[in-house]
Amino acid sequence: MTPDLQAKPLRVLIVDDDRDSLLTLGLLCREEGMYVHLLRDGKDVAASVSSFRPHVVVLDIVLPDRSGLEIAEEITARYRDERPVLIALTAYSSDMDRRLAK
């Protein structure tokens with residue numbers, strides 16, 4: 001899904017179990033004119049990607065119910081070349097965490 005930045009605002013799906021981070025990032029994106037959908041867990045991500053059709057998914061790596069890495073793999077496998085841009089979000093910062101996110 002290559003966004004047409006001239007025609008429509010970006011659609012951004014943000015998934016983070018930390019309420020404050022989720023709301024803050026959502027507010028910042030909305031202030032920039034983006035359409036935003038927020039989720040606090042991983043169980044509804046696949047359905048939201050299917051219905052909301054985001055250009056970008058900002059995905060927390062550590063969620064209470066599912067691994068963000070597993071969700072990213074699922075989105076990539078399901079949508080292949082049509083997949084949204086995936087952005088990893090995590091408080092972890094080790095070299096191994098960075099490699100896994102890539």
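**Exercise 1.** In this predicted model, Asp44 forms a salt bridge with Lys43, and the closest N and O atoms lie 3.5 Å apart; work out which residues are linked with this pair in a network of salt bridges.

*Solution.* Begin with the other bridge of Lys43, which pairs with Asp41, the closest N and O atoms being 3.5 Å apart. Taken together, Asp41, Lys43 and Asp44 are therefore linked in a network of salt bridges, given that each pair falls within the 4 Å limit. As for solvent access, Lys43 counts as exposed at 57% relative accessibility, whereas Asp41 is partly exposed at 21% and Asp44 is partly exposed at 33%.

**Exercise 2.** Decide whether Asp20, which forms a salt bridge with Arg19, is buried or exposed.

*Solution.* The relative accessible area of Asp20 is 53%, and exposed means over 50%, so Asp20 is exposed. Its partner Arg19, at 48%, is partly exposed, and the closest N and O atoms of the two residues are 3.8 Å apart.

**Exercise 3.** Establish which element supplies the largest share of the largest nonpolar core.

*Solution.* This core has 13 residues, and among those with the most contacts inside it are Leu13, Val49 and Ile75. At least two core residues come from each of β1 (11-15), α2 (45-52), β3 (56-60) and α3 (68-79), and the largest share, four residues, comes from α3. Leaving aside residues up to four places away in sequence, Val49 touches Leu13, Pro54, Val57, Ile75 and Tyr79. A second, separate core has eight residues, including Ile14, Cys29, Val36 and Val56.

Definitions and conventions:
Residues are numbered from 1 along each chain as its sequence is written. This is a predicted model: local features need pLDDT of at least 70, side-chain atom pairs count only at pLDDT 80 or more; totals for chains, interfaces and linings use all residues. Side-chain values use heavy atoms; hydrogens and water are left out. A nonpolar core is a set of buried Ala, Val, Leu, Ile, Met, Phe, Trp, Tyr and Cys residues joined through side-chain atoms within 4.5 Å. Buried means under 20% relative accessible area, exposed over 50%, partly exposed in between (1.4 Å probe, protein chains only). Contact means heavy atoms within 4.5 Å. A salt bridge is a side-chain nitrogen of Lys or Arg within 4 Å of a carboxyl oxygen of Asp or Glu.
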